[in-house]
Protein chains: 2
Amino acid sequence: MRYAVLGTGVVGRTLAATLGALGHDVVIGTRDPAATLARTDHDSYGNPPYREWQAQYPRIGLVPFADAGEFGEAAVVNATAGVTSLSALTAAAGGGGNLAGKVLIDIANPLDYSAGMPPSLNPGNTDSLGEQIQRAFPDSRVVKTLNTMNSQVMVDPARVPGDHDVFVCGDDIEAKQRVTELLRAFGWPEARIIDLGDITAARGTEMVLPLWLRLLGVIGHADYNFHIQRAV
Amino acid sequence: MRYAVLGTGVVGRTLAATLGALGHDVVIGTRDPAATLARTDHDSYGNPPYREWQAQYPRIGLVPFADAGEFGEAAVVNATAGVTSLSALTAAAGGGGNLAGKVLIDIANPLDYSAGMPPSLNPGNTDSLGEQIQRAFPDSRVVKTLNTMNSQVMVDPARVPGDHDVFVCGDDIEAKQRVTELLRAFGWPEARIIDLGDITAARGTEMVLPLWLRLLGVIGHADYNFHIQRAV
């Protein structure tokens, strides 16, 4: 199936590589492919420039957002930085209906670093990026998921031993079922996929990011995840 | 030891009863004890009026906030509704130094129901109730803890089987050690008590409330809690 991943950072790369390994046809969308490929520096997290990564995944094409939006039939994955997500998705829509009717998997977080570390959330508290995207693209079927963990854990939950959970929410039940199937293909057991209901639950999952970021300092690595432990 | 619990709701009652059962001398502080004792209605959650509860715990006194602030030597526990916490603590300080040097255990959440359900957080995102309290009472030693779960789980973690966690944060290390001892007396294993560092981490733990509240609807009861599952 054809997937588009928006965003050339480590999250987008990780998702795209995994979708490719599962046998899907994948493109990565970016604002300016030539500019992305021209970069030679490591990013602030020490990740290699895109073109080094690209050389390892020659079957994954890098295309402008609009071409990605058109290509992604099975789903379009938003893995852009939260502050740029709406403009990236607008570009992906291509001025027309590139995203209409499609499943939009939103794995981004609206982290705002403008006041330094730690980032705040914008929006936070009374709105969410997931809801903003659904409002901006009412004909698309937004499913918020995977945003509560490191990207390597997203696609390989066994990196963290024991039970831990992934949340999904969205207004379209069939879209959530499709995303759930994809999560199972990533290795998530059905019992560890928690459906929180409609897209307004994105507020809850985005708002755990400050705790997640705090735990990164406490634990010292990113191989951890939330688990909801419960009595029967 | 002498503990004061501020707040006559189910959270304050649960903490006070547990502290009493552990052999401590406990008072509950409220704005107007006579008014609290005069109430005959169940609250909106179906909890019985305070005086019915009080009849079961005759050794726990109900006193004005200022008397509670003076009484609570080992610690003063803030179990008031978040929107009233600062005024309750101001009353508990008694215009003088009732709270100076003391351990303030803040288990409240700044839930704002003014726009209906679900509540938002006020403050949220770029500040927290825990930080506000520490700023308002700089001579007190604020420890934020227990606010990420139902009150019955706070004092009886075995209600939820398996591993699950309680967070502590605060600027005073010795105060956190005392609170950690209290948590162990409640039944929390040492390995399940996660020290997040200074009081700014309260932002993270308060911001999980929207997800916690959403899970209440999904799970259908309150016997659940967050666990941070991690690779070694």
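**Leucine 215 and the contact between chains A and B**

Leaving aside neighbours within four places in sequence, A:L215 is in contact with A:G220, A:Y224 and A:F226 in chain A, and with B:F167, B:I194, B:L196 and B:I228 in chain B. I should say at the outset that this is a predicted model. The largest nonpolar core comprises 76 residues, and A:L215 and B:L215 touch the most other members of that core.

Let me turn to the interface. Chain A contributes 41 residues to the contact, and chain B likewise 41 residues. Together the two chains bury about 3100 Å², with 64% of that area on carbon and sulfur atoms. On the chain B side, B:L211, B:R214 and B:Q229 account for 21% of the area buried against chain A, more than any other three residues. B:R214 also forms a salt bridge with A:D198, in which the closest N and O atoms lie 2.8 Å apart. The count of salt bridges between the chains is 2.

I come next to strand β9 of chain A, residues 166-170. Is this strand buried or exposed? All 5 of its 5 residues are buried, so β9(A) is largely enclosed by the rest of the structure. A:V166, A:V168 and A:G170 cover one face, while A:F167 and A:C169 lie on the other. In a regular strand, side chains alternate between the two faces of the sheet.

As for its partners, β9(A) runs antiparallel to β8(A), residues 141-145, through 3 bridges, with A:V143 opposite A:G170. With β10(A), residues 193-195, the pairing is parallel, again over 3 bridges, and A:F167 stands opposite A:I194. Finally, β9(A), helix α8 (residues 173-186) and β10(A) form a right-handed β-α-β unit.

Conventions
Residues numbered from 1 in each chain as written. Chains lettered and ligands numbered in written order. Predicted model: local features only at pLDDT ≥ 70, side-chain atom pairs only at ≥ 80, totals over all residues. Heavy atoms only, no water. Buried < 20%, exposed > 50% of the residue type's maximum accessible area, 1.4 Å probe, protein only. Helix = DSSP H or I, 4+ residues; strand = E, 2+ residues; numbered from the N terminus. Pairing = 2+ DSSP bridges. Right-handed = clockwise from strand over helix to strand, strands pointing away. Core = buried A, V, L, I, M, F, W, Y, C linked by side-chain atoms within 4.5 Å. Contact = heavy atoms within 4.5 Å. Buried area = accessible area lost by both parts, 1.4 Å probe. Salt bridge = Lys/Arg side-chain N within 4 Å of Asp/Glu carboxyl O.
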